[in-house]
Amino acid sequence: MFKYLMAKNEDIPPGASAVFFGFSAIIWFVIGTGLGSFNAAKLAFPDFVTGDMYFAFGHMRQVHVMAVIFGWISMAFAMAMMYITPALGNNKLWSEKLGIWNCMLWNIGLLVALTTLWAGITSGREYSDFPWPVDLYLATCVFIPLGVNVWMTILNRRTQGIYTTNWFFAAATFMVIIVFLVGNSPEFFHLTGLTEAYLTWWFAHNVLGLWITPVAAAIAYYTIPKITGNPLYSHRIGHLHFWSVVVFYSTPAAHHLMSAPLPEWLKSFASVEGVLILVPAIAFVSNIMLTMKGKWHMFVENVEVRFTITGCLMAIPLNMQGGFQQTRAINWYIHGTGWIVAHAHLALLGFSTFLEAAAVYLGLQTLMNRKLYSLKLANLHFWLLLIGFTTYWVSMTIAGLIQGAGKIYEVPYIDVVIAEHPYMIARWLGGTLVFFGNTLWLYNMWMTARKGTVIPQGRMPHELQYER
Amino acid sequence: MAWNFDKPLVTMVDAATNEADKALWEKENLGGITEDNNRMPMPVVMLVILTVLTAFAVTFPLWGQRPTAALYAGYVKSMNLPEVMAIKDDDEAMKKIVQLNKGTGTMDGRSMEDMLERHPLSMNDLRIIKPQIEALMASGVDLGEYTVVGNQVVLANFQGNLKADGTIERKQPWWDKGYTIDIFYLTYFFTMVILLIKRLPPSSWQPRHNNH
């Protein structure tokens, strides 16, 4: 990577930045889920690692969350953008050199950011925990360069039209910069009270809604038609999906604060918009499922398709939960419970992770011209991820319902803690399976780079037989 | 880019633009990916309509979540009854109060039983809020406009319609301007998406990918 930092742009092989982003993403995924497993162990076994404030749950929880969001998920997105955007425009990435610098500054920035968080230097606001200098660094050295590279690649495309995936990429890279700068304004301008609360959740909601959700979906719009060879079922449904994400996902921030003294009309407005999040979900899932027509055997046979379709299917419970849990009638019960933690993991570890993993599997094989080293390890990775995530999600959902009942019926707190203890152990088990699966994935991709079968020019990875 | 409104449900562009769009659609290679021109399947359209209707239906405040002073007015009155005052044990006294008030009170035409079940109180809680509720009753205000928050009875922060005396109703309304904004917002959204989609070639036409 370092030899390309000062090289001329034309001397850098196409796809180099995507490969670096891809491996960085996997490494951050291993770190992020390792931290998650460690944190979960502290909830399951309260005597596990005590007496040092740096290993206290309160210090480490945010480090896990931010490592996964800005390390794994966002870097996997950057990886996908670096190779899919030019592929769809029949051109090269606008600047591989900018991509390489972007990747290096991203890794350094995130390392510094997580170290400050771990040290206890934090804004104290969930999801926007970083202190303001880190926020400004991430905006200027991470998201703006990424956006410039994506937009310039699209502007310099050699096609007249723009494929659905690139609509999402262009819009999301623009929106995430706005979300980052406006959403962190309480930190920049010392805003307090309800304004701080509202903007904190405006940021948290939109990082999910205008960054993670659309980019993850955009990846599926590429991987499924590309691997199956089927045309995307409907360009029209793509329009409905794209515009409903922009319109309905950007507005319901107030539904995170249904019990706060915000104006009631704002909550009513946000709550309706919250249910309407189902519109893009319906459009997305139906379009991808219908594109699979005649190729469902690939769901069993092909790793990337299996990851993608599993992620798409998870969009159904994700949006059913997301749409309804924010209504007044349900929110009073599940607000502030493990149900929400389960839902957040369904979004990030379920829906989006499965879609991104497919993009990283496909991208690294394609860009390195190497067939996957081991199909068995990839299959094991898939099942460890699926079983681990499902164990986590189900156990935390049940724990959340117990906590909700405890909250409403004013059950003594310690009784609720005792009642949910088995589910905390299940949570740790599930999370640890995911972590273990990711270490195998890192090994598999490293070995693919070193010993994978060479893919002949013009062929796709899935067209070749596995050798192991 | 010319508009054509002869058959707005089929296409909103003129024939020449449609032909140019079709030619481009078939010619263009987007990194090896092609797209079909299928219409929105009817089940998808129905699901979207159902979602919109559901969005409004489930977000109405079917019942208030917050305990109002009106909810506990019956309890407060019951505390002064000799039969309750005669009970020495607080838990027993509370049980008696709950039993006396079962099925009696209504608020805005609805039974308060569910609300009382969701917001149980102890005698100590009641003793704290009793003087505050009695003071409100003496002043003749609408108890439904006051919320019990912990150990305080405060004016609710709901802002509903204007009352005849010029003040604002402090009860959670079943409809507020948030829903009105939603209706406008949705109308704009669906209008724009329909315009966008109907400017594509008619869905009766399907592109031939790579000449087959």
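**Exercise 1. How many helices and how many strands does chain A have?**

Solution. This is a predicted model: local features need pLDDT of at least 70, side-chain atom pairs count only at pLDDT 80 or more, and totals for chains, interfaces and linings use all residues. Residues are numbered from 1 along each chain as its sequence is written, chains are lettered from A and ligands numbered from 1 in the order in which they are written, and side-chain values use heavy atoms, with hydrogens and water left out.
- Helices (H or I, at least four residues) and strands (E, at least two) are DSSP runs, numbered from the N terminus.
- Chain A has 18 helices and zero strands.
- Chain B has eight helices and four strands.
- In sequence order, the elements of chain B run α-α-α-α-α-β-β-α-α-β-β-α.

**Exercise 2. Set the radius of gyration of each chain against that of a compact globule.**

Solution.
- The radius is taken over C-alpha atoms, and the globule rule is 2.2 Å times the number of residues to the power 0.38.
- Chain A has 468 residues, so the rule gives a value near 23 Å; the chain has 22 Å, which agrees.
- Its C-alpha atoms fill a box of roughly 65 × 50 × 45 Å along the principal axes.
- For the 212 residues of chain B, the rule gives a value near 17 Å, but this chain has 30 Å.
- The box of chain B, along its principal axes, is roughly 95 × 40 × 30 Å.

**Exercise 3. What share of each chain is buried, and what share of contacts is long in sequence?**

Solution.
- Buried means under 20% relative accessible area, exposed over 50%, and partly exposed in between (1.4 Å probe, protein chains only).
- In chain A, 63% of the 468 residues are buried.
- In chain B, 39% of the 212 residues are buried.
- A contact means heavy atoms within 4.5 Å.
- Take the contacts in chain A between residues at least 6 apart in sequence: 82% join residues at least 24 apart.
- For chain B, residues 24 or more positions apart account for 63% of the contacts with a separation of 6 or more.

**Exercise 4. Which residues touch the most other members of the largest nonpolar core?**

Solution.
- A nonpolar core is a set of buried Ala, Val, Leu, Ile, Met, Phe, Trp, Tyr and Cys residues joined through side-chain atoms within 4.5 Å.
- The largest such core holds 137 residues, and F130(A), W211(A) and F284(A) touch the most other members.
- Helix α3 (residues 57-88) of chain A gives the most to this core, with 21 residues.
- Apart from it lies another core of 25 residues, among them I97(B), M112(B), M115(B) and L143(B).
- Now look around F130(A). Neighbours within four places in sequence aside, its contacts include M66(A), F70(A), L110(A), L114(A) and E187(A).

**Exercise 5. Y127(A) and H190(A) have positive phi values. Is each one buried or exposed?**

Solution.
- Y127(A) is not a glycine, yet its phi is about 75°.
- Y127(A) lies in the loop between α4 (96-118) and α5 (132-155) of chain A.
- Its relative accessible area is 16%, so Y127(A) is buried.
- H190(A), also not a glycine, has a phi near 55°.
- H190(A) lies in the loop between α7 (185-189) and α8 (193-228) of chain A.
- Its relative accessible area is 68%, so H190(A) is exposed.
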